[in-house]
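Got your viewer open? Please load the model and keep the selection box handy, and we'll walk through it stop by stop.

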Amino acid sequence: MKVEVNRVCFSYGNSAVLNGVDLGVECGKVVSIVGPNGSGKSTLLKCMDKILKPQKGVILVDGKDIGRLQQKELARFLGYVPQSGNSPFPSTVFEVVLMGRRPHTNWSVSSRDKEIVSRALEEMGLEGMALRYFNELSGGEKQKVLLARALAQEPEVLLLDEPTSALDLRHQLEVMNLISSMVRKNGISAVMAIHDLNLASRYSDWIILLKKGLICAAGEPAAVLLEENIRNVYGVETIINHNSGKPHIIPVDPC
Amino acid sequence: MPTGEIKLEESYSKLIVRKVAFILIGVGGLVVLALLASTLGTYNLGVKEVAHSVAHRVFPFAGFQSTEVIDTVMWKLRLPRIILAVLSGAGLALAGAVMQGAMRNPLVSPFTVGVSAGAAFGASIAIVLGVKFIGATGTGIIIVNAFVFGLLTVLVVASLSSRKGMKPESVILAGIATNYFFSAATSALQYIATDEQLSEVVHWTFGSLGKATWENITIVTIILLLSIVPLMKYSWDLNTMAQGDEVATSLGANVGRVRGICLTLSSLIAAVIIAFTGIIGFVGLVAPHITRMLVGTDHRFLLPASCLTGAILLLAADTIGRTIVSPIIIPVGIIVSFVGVPLFIYLLLMQRRGYWS
Amino acid sequence: MNLKKTALVLLAVILASSLLIAGCTNEEKVLEKEGEVLENKEKTPETITVTDQEGREVTVPKEINRIVALGGPALRDVAILGAADKLVGTDLQSTSGNYFCVQAYPQIMDLPIVGTFNEPNIEAILELQPDLVLVSAAYTNADDVQGPTGIPTVALMGPQCDIRRYDDTYESLRIAGKLLGLEDRAEWLITYAEDKLNPIREITSKIPEEEKPKVYALVVHGINGTLAYAPLEWAGGYNVAKDFVISQDLWSARDIDPEKVLEWAPDVIIFGGSGGSTFADVLKAHPGLEATKAAKEGRIYQIFGPNFYHDLIQLVTETEYLAKLLHPDKFQDLDVEKEGNKMFKEVYGVDDLYNKVEEVRGLELYHWD
């Protein structure tokens, strides 16, 4: 188990968002967390990266309690990809990705650091825009840059918060393909909070279905993405089609 | 290694070399400006006399001659003034760059949390009501008051916003409230002041380098040196914080602590400078922006380069202010905007479209 | 949403109505008072007309029993004419014990306050129902008071320490004297001052310019500049900034480059103003001064000073003080302190006023004993 989440509870002030979540992430696997708005997907990811501190529960990373780890140490292990990345100050793409080396450096940038950044940019197909301003790029290109940055951290686990929500059809598939290939090639794991059930179905090894901060179902896509589950959690009638080998959800109507 | 990759790394390295080159040129420019400024002034001195006056103190056994008056002009008046201009410009610009990075907001300055309003209030209660700290005498009264009340505002803002987790918005809002409060208090004092007291208060707020003495310079230098090292160490954290608190945390930064320390140190620098010079605006807000346009947003270069920009700007402004209508000295706080704004506008117009997005 | 809107509208209505009501009551009050003033005028039809120092023609009742004086200069004229008992109100800053006239007539410190030195409170003035309001021309426009109140308001310049405007001092006294039926007293004061100044001016006017000591008049607080200070001229001092001051009209706050002072190389430095600073403070606050001949010979002297605190007799005694400092050989027998106290006694009827004010203001004047 690369990452273990044990009975984590988190509340913002008085509103409870996570009510006892258990989760295990294995090596080299893609895990998707799905659920309606407000079910706690993003919150769970942020707890895993120690961005938020859960009131109850323990999160282990490689068997170590993250509560006892320094933020910097954790950053060498977990790469967090936010939903979007806008900065009020203009940075170049190279500089943004270079930030991924922060957990490994104190001040100076070694040639190895530069190598890793270059390679990350190449894997994302971004070499041509390395010196352009990040804010000038399109949504899809920006997402790839954020992905490259997480890669540059040389993490063992990627945490992705809605990596495809702001992207068009083509970029959605490109980004998901990149994530898959990174997982397969580099042997890292990925945990994604994702809206799109079909993308989750197609690209995940394991799916966690959250409702109101509790896990409703967990397992392989075919086991979790069932019409009763979707009706129960989303309140939507669907038809599930298995023609492509993986479940494909066709929404019909709200119940 | 594929050639594409090498090109990429090379391009980045070249960029870095350019940034370093800018900084070195800046240092050179500052030195030249300082030398020039030392020969300019109301008291007519030739370059030779200036050089001799400096040399005979620095190399006492080399037999250089100078007169007492010339020495007074150089060592009591011009050199301290030039050095204070450099230190103040550097300090305010550094404080501004750090504040902007820590608050992730290009519109903040070292005065955003209320340091200038507090300092003005401190100076005013000394001038109008004679309220002072025990042991302070003469000019020290206003200096100590301004410093203490300047820092007090920081404490207020820090304690208010730390309840909200030190989020940038809470800091800025708390700063706005503090600013208004102390400004109103200062205005109230001005209202009951006599003609003379009123003009003294107003004059203080103009920002001038007239109080440059070696003693004052030493104090500012110490505070600057003590602050600049920890601030530079936060360069990477400031870089990542520009992308958001969450991203910065995920990359290893302790955002709350970095923000708190940056706030404290930059306010400390601002307070100590204001105490001696009065309120010099513009530099803290705009010098970092000018610098960003020249060396980019990487704080490892932005911070030292901002110091240079601020120093050059303020030294140029003060030199102009004390020579243009000599023997009247136009307070540097007034001139620096006239000098800096055209430069800023020029750079703004030269930026690519995608710069501010 | 609706509730919020209603609440906002209600709030706006309440605010608007309270403003209206307040406005109405004010108007009523003003009308009431104006009625009373008109009544008073009708009862005493005798009036006189004067031209004040803003060039306005003002008609005032012949009998004045209640005076409001705004600003130090106007206050000083009233006090020195001996009419302080007719004062019913003054401004906040003028009740300061730092003034000679206030020390002479301490009841001034307890007078009702009708505003600040440059901003009169119309309602407060009306409430006191004065017969006459005197304003200091430098700070307030007389019509700003006479307009809303309907009370005759006269603008005076008061004592002027700038030599180019000194004649306004006498003009101001004469106008005030005419207003208060104290013309004789005004003429007496003018003659008194001239009688004291003339002997000094006679001696110093005979001194050639080259022999006059070069003096830098430094006002410590607020204005790091210098002035065309009348007592300095009369005392036979050469104001190093004279040409500069006269051509640049350096009255408002400016910075004089300390390098210029070194270039002027003054023999004597006089500093004054709010007082309360020691010589060490002066030197510290003005780096570079210590290299002047004046500093090295210890010829830095504090004076009562110009600006907010000067007074006609102060100008006279200051002239004697400076004359003896600058030309000790020519004024050997002059006992400045004794003469000062004597003059104040003769004009204000109070003992030791010279020493008293020196003490109250925390000054360190030069004493010859």
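Here is a short tour, going from one chain's domains to its sheet, then to a helix pair and the place where two chains touch. Keep in mind that this is a predicted model.

**Stop 1: the two domains of chain A.** Color residues 3–77 plus 155–254 of chain A one way, and that's domain 1; give 84–154 another color for domain 2. The C-alpha centres of these two domains of chain A sit 24 Å apart. Now look at where they touch: 13 residues of domain 1 of chain A meet 13 residues of domain 2 of chain A. On the domain 1 side, α2 and α6 (169–186) of chain A each bring at least two residues. Which of them gives the most? That's α6(A), with four residues. Sorted by class, this domain 1 side has nine nonpolar, one polar and three charged residues.

**Stop 2: the sheet in chain A.** Switch to cartoon view and find the open sheet of six strands, in the order β6-β7-β8-β3-β9-β10, with mixed pairing. Select β6 (78–81) and β10 (214–219) of chain A: these are the edge strands, and each has a single partner, so one side of each has no neighbour in the sheet. From one strand to the next, the twist averages 15°. Zoom in on β9 (206–211) and β10 of chain A, which run antiparallel and are joined by five bridges. To see one pairing, click A:Leu209, whose bridge partner in β10(A) is A:Ala217.

**Stop 3: helices across the sheet.** Add α1 (41–48) of chain A, which lies across β3, β6, β7, β8 and β9 of chain A and runs at about 145° to β8(A). Then bring back α6(A): this helix lies across β3, β7 and β8 of chain A, at about 150° to β8(A).

**Stop 4: a helix pair in chain B.** Select α3 (68–103) and α11 (255–277) of chain B; their axes are 9 Å apart and they pack at an angle of about 155°. That makes α3(B) and α11(B) roughly antiparallel, and the crossing is left-handed. Show side chains for some of the contact residues, including B:Leu92 and B:Val98 of α3(B) and B:Leu263 and B:Ile269 of α11(B). The residues of this contact split into twelve nonpolar, four polar and one charged.

**Stop 5: where A meets B.** How many residues does each chain bring to the contact? Chain A gives 31 and chain B gives 29. On the chain A side, α2 (71–75), α3 (93–98) and α4 (111–123) each give two or more residues, with the largest share, six residues, coming from α4(A). By class, that side of chain A has 14 nonpolar, six polar and eleven charged residues.

Methods. Residues are numbered from 1 along each chain as its sequence is written. Chains are lettered from A and ligands numbered from 1 in the order in which they are written. This is a predicted model: local features need pLDDT of at least 70, side-chain atom pairs count only at pLDDT 80 or more; totals for chains, interfaces and linings use all residues. Two residues are in contact if their C-beta atoms, placed from the backbone, lie within 7 Å. Ala, Val, Leu, Ile, Met, Phe, Trp, Tyr, Cys and Pro count as nonpolar, Asp, Glu, Lys and Arg as charged, and the others, Gly among them, as polar. Domain bounds come from an automatic or database domain assignment. Axes are lines fitted to C-alpha atoms, for helices over the stretch in contact, and angles run from 0 to 180 degrees between N-to-C directions. Angles under 35 degrees count as roughly parallel, over 145 as roughly antiparallel, 65 to 115 as roughly perpendicular and the rest as oblique. A crossing is left-handed if the near helix is turned anticlockwise from the far one by less than a right angle, and right-handed if clockwise. Two strands pair if DSSP finds at least two bridges between them.
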